[in-house]
Amino acid sequence: MTQYKYIVLSLIVFFCVGNVLAQSDESEVYSNFERNYNTLLQSYYIKTNEKLHHRSYSGTTYGNHLAKETSDEEYQRRLKQLPSPVPLVYNSIVKNHIVYYIDRIGDRVGVMLGLSKYYFPIFENILDSYGVPSELKYLVVIESAFNPKAVSKAGATGLWQFMYSTGRIYDLKVNSIIDDRQDVIKSTVAAAKYLKDLYSIYHDWSLVLAAYNCGPGNVNKAMKRSGKKDFWDIYSFLPKETRNYVPAFIAATYAMNYADKHRIYPQELSRPLDLINDTVIVSKDIYFGQIEKVMGISVEQLESMNPQYKMSYIPGSLGTYALRLPFSEVERFIELEDSISKTDKGRYNPYNLTQGGSLETIQSDDGTTQTVYVTKTFTHKCRTNDSWSSIAKRYGVSVSDLRSWNKKIKTSRLRKGTILNIKQRVAVEKKKYIPQDTQEKESIVQEAITSAENENNQVEKITPKTNEKSVATQQYSNHKNKKNINTSTITHTVKAGETISKIAIKYKVSENQILKANGLNQQTARKIRPGQKLKIK
């Protein structure tokens, strides 16, 4: 009997551990969804809708018809009625995901149903044009919760959650100015191509979904270890998150089709992403702030419709770039494009630094302070597995620029210990003081102590009467003997897509000032997350 007791006890432990692991697997899928959805709530169109913005998202039951009270037979019957290239298998794992979507986050499903009126026609048209089943549009529910600016812990970005390397393979441009992974059209085209390529390998849409989540290498490894070629046969050999990826897709398909059976209905957005919109090709360098000033379309609205532009800036002079606008504003934009590009160019263009260390000065509205953006050069010591592209991505520069700054290094493969020069823009704040006895005297410029302390940097002196600029070289070490500038501290809440560099430019301070004020370094600065609080002096 004792032997049987040990066997029974072992089985109980085995099943308990298995249950805990299953919950852990599911929680990863759920946490990804919650993180992306919470970021979605910060978008312009959600915030401007009073009904949605003030709703309590507590995760409590939304509908009166609970999913957990629906019979297994009814689930099987409903799933069989849905056309799908992915076999809509029903089992306890799938049911757990259905209960999550219906009973726990029914309010969120209602919002996604509202957003689907805008996104699904776009997805269906593109997927169909590439010979990919349109039903795969439900992938976006579990990938990003319809959030174009979604970013996973691993760095996957956009509606279809592309990693940097995969995105580049499918022509998605990513640099310091633009991220095509957040472009609705381009990212969907890339997803269609990628899904089609995966299908040519596996000829099974369930395995295609698994490979889309964890990569073909992991799926091939699971098939080799199991000796099987069916998703449910290789289930236990897949990475934890991928095991629940296909069940989550089946549950999302169910929820988006049968939500009304559980009294969940589409939330009507007051302005659902301007359903009537159009795209224009921009041929000038234009900032969203310039469009706002001339046309009255807010920067936040433009960013919501064009999430791919990381700096709220379109480099139209450098290539073919598109701008999505409300349909009623397209003709007016075309007529005003020239004047928009010239409006307050100095104010909206803090990034336009020419080579050779030229400075761009931006003056405050009251004329008492001004920010100068200087190009600062520092070094990077290569580590194992560093490459030209990985370093360029890390510092938000292009590979061609990185190579041009390091012309002496001819090899395509970087060795550990190689020193590279990196150029970055640094904001230097200056305070202007004009003596009371005369307005004609040359301005005395007192520069704030910045990260460039003890280095030689060129700064501009401005003569108010003639507005002529002369360049004087001053050493920052002299600032120690100058009077301190009065400072105040404010708190900035990090938004999705923001970086230390972008925040520094916004507040006209240096990156180092932000790093020091918040106890950050170059490594930890790259890991800031939406919702994080930063002190700005």
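**Exercise 1. Determine the handedness of the crossing of α15 and α17, then describe the contact.**

Step 1. The crossing of α15 and α17 is right-handed; a crossing is called right-handed if the near helix is turned clockwise from the far one by less than a right angle, and left-handed if anticlockwise. Helices here are DSSP runs (H or I, at least four residues), numbered from the N terminus.

Step 2. The axes of α15 (residues 288-295) and α17 (residues 330-342) come within 10 Å and cross at roughly 115°. Such axes are lines fitted to C-alpha atoms over the stretch in contact, with angles from 0 to 180 degrees between N-to-C directions.

Step 3. From α15, the contact (heavy atoms within 4.5 Å) uses Gln290, Ile291, Val294 and Met295. From α17 come Arg332, Phe333, Leu336, Ile340, Ser341 and Lys342.

Step 4. Sorted by type, these residues give 6 nonpolar, 2 polar and 2 charged. Ala, Val, Leu, Ile, Met, Phe, Trp, Tyr, Cys and Pro count as nonpolar, Asp, Glu, Lys and Arg as charged, and the others, Gly among them, as polar.

**Exercise 2. Decide where the model deserves a cautious reading.**

Step 1. Remember that this is a predicted model, in which local features need pLDDT of at least 70 and side-chain atom pairs count only at pLDDT 80 or more, while totals for chains, interfaces and linings use all residues. Residues are numbered from 1 along each chain, and side-chain values use heavy atoms, without hydrogens and water.

Step 2. The chain averages a pLDDT (the predictor's confidence in each residue, from 0 to 100) of 75, and 69% of the residues score at least 70. Over residues 1-25 the pLDDT is below 50, and this stretch has 5 contacts beyond near neighbours in sequence.

Step 3. Residues 350-371 also stay under 50, with 60 contacts beyond four places in sequence. Where pLDDT is low, the predicted coordinates should not be read in detail.

**Exercise 3. Find the residues with the most contacts inside the largest nonpolar core.**

Step 1. A nonpolar core joins buried Ala, Val, Leu, Ile, Met, Phe, Trp, Tyr and Cys residues through side-chain atoms within 4.5 Å; buried means under 20% relative accessible area (1.4 Å probe, protein chains only).

Step 2. The largest has 77 residues, and Tyr101, Phe123, Phe146, Trp160 and Val219 make the most contacts inside it. Helix α6 (residues 106-129) gives the largest share, 12 residues.

**Exercise 4. Locate Ala145 and state its phi.**

Step 1. Ala145 lies in the loop between α7 (139-144) and α8 (164-169).

Step 2. Its phi is near 55°, a positive value in a residue other than glycine. Ala145 counts as buried because its relative accessibility is 1%.

Conventions: Buried < 20%, exposed > 50% of the residue type's maximum accessible area, 1.4 Å probe, protein only. Helix = DSSP H or I, 4+ residues; strand = E, 2+ residues; numbered from the N terminus.
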